[in-house]
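Student: Before I use this model, I'd like to know what backs up each label we put on it. Can you take me through that?

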Amino acid sequence: MTDTVDAGRVLVVDDAATVRMYHSRLLTDAGFRVEQAANGLEAVESALVRPFDLFVVDVNMPKMDGYACVEALRGEPVTTSAPIVMISTEDRPGHADRAYRAGANLYLVKPVDATRLVRVATMLASGAAEAGAW
C-alpha cells in the first residue's frame, strides 16, 4: 500500500489537450484528484454535477472563454467560493484585472513554473491562502 495524500479535487480547463495533460499530471503527482474540461461550458456543467476544491482555467477557449466561465462559476451557489486560478498566455495590461473582476483568485501567465503551480494549488485548495500563508 502506498502513502498518498488527497489534496482535493481539481478541474483543469483548457482547450489545448497538451496543456490539460501537463497541468493535470503536475497536480496528480502532487496528490490531487484531477478532472479535465476542454472549454468553459464543459467546466460549468462538470462543476454542477460534482464539487471541486479548485479550478485551473485558461482564458482563450471556444464555446465559453475563461472569463465567462469564472463569472458563471461565481454565479452558482455550489461553486461560488471554490478558488479559481486563471492561466493564460495573455500578459498585456488589463488581462489580470479582468480575471480578478470576473472572480479569479489568482492570474498566472503561461508557461507557469511547475513548482509554483503546485504550491499555489495546494495553498488555495486547502484554504491556507485565506489564513495568510501566502
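Here is how some of the labels come about.

Tutor: Ground rules up front: this is a predicted model, where local features need pLDDT of at least 70 and side-chain atom pairs count only at pLDDT 80 or more, while totals for chains, interfaces and linings use all residues. Residues are numbered from 1 along each chain as its sequence is written, and side-chain values use heavy atoms, with hydrogens and water left out.

Student: What makes a stretch a helix or a strand here, and how many are there?

Tutor: Helices (H or I, at least four residues) and strands (E, at least two) are DSSP runs, numbered from the N terminus. By that count the protein has five helices and five strands. Along the sequence they follow the pattern β-α-β-α-β-α-β-α-β-α.

Student: Why is the protein called as compact as a globular protein of its length?

Tutor: The radius of gyration is taken over C-alpha atoms, and the globule rule is 2.2 Å times the number of residues to the power 0.38. For 134 residues the rule gives 14 Å and the protein's value is 14 Å, close to it, so the protein is as compact as a globular protein of that length. As for the box, the C-alpha atoms fill roughly 45 × 30 × 30 Å along the principal axes.

Student: Why is Asp-58 called buried?

Tutor: Buried means under 20% relative accessible area, exposed over 50%, and partly exposed in between (1.4 Å probe, protein chains only). Asp-58 has 5% relative accessibility, so it counts as buried. Across the protein, buried residues make up 45% of the 134 residues.

Student: Where is Asp-58, and what does UniProt say about it?

Tutor: Asp-58 sits in strand β3. UniProt puts the feature "modified residue: 4-aspartylphosphate" (unreviewed entry) there. A caveat on such records: positions are given in the numbering used here, feature names are shortened, and annotations may be inferred rather than shown by experiment.

Student: Which residues does Asp-58 contact, and what makes a pair count?

Tutor: Contact means heavy atoms within 4.5 Å. Setting aside neighbours within four places in sequence, Asp-58 has contacts that include Asp-14, Asp-15, Ser-88 and Lys-110.

Student: Is Ser-88 buried or exposed?

Tutor: Ser-88 has a relative accessible area of 0%, so it is buried. Ser-88 belongs to strand β4 (residues 84-88). Beyond four places in sequence, Ser-88 touches Asp-58, Asn-60 and Lys-110, among others.

Student: What makes Asn-60 partly exposed?

Tutor: Its relative accessibility is 41%, so Asn-60 counts as partly exposed. Asn-60 lies in the loop between β3 and α3. Residues up to four places away aside, Asn-60 touches Asp-15, Ser-88 and Glu-90. The C-alpha atoms of Asn-60 and Asp-14 are 8.1 Å apart, with the two residues 46 apart along the chain.

Student: And why is Lys-63 called exposed?

Tutor: Lys-63 has a relative accessible area of 74%, so it is exposed. Lys-63 is in the loop between β3 (54-58) and α3 (66-74). Its phi is positive, about 70°, although Lys-63 is not a glycine.

Student: Where is the cis peptide bond, and what is its omega?

Tutor: That bond joins Lys-110 and Pro-111, with omega about -5°. Pro-111 lies in the loop between β5 (106-109) and α5 (114-126). The C-alpha atoms of Pro-111 and Ser-88 are separated by 8.2 Å, though the residues are 23 apart along the chain.
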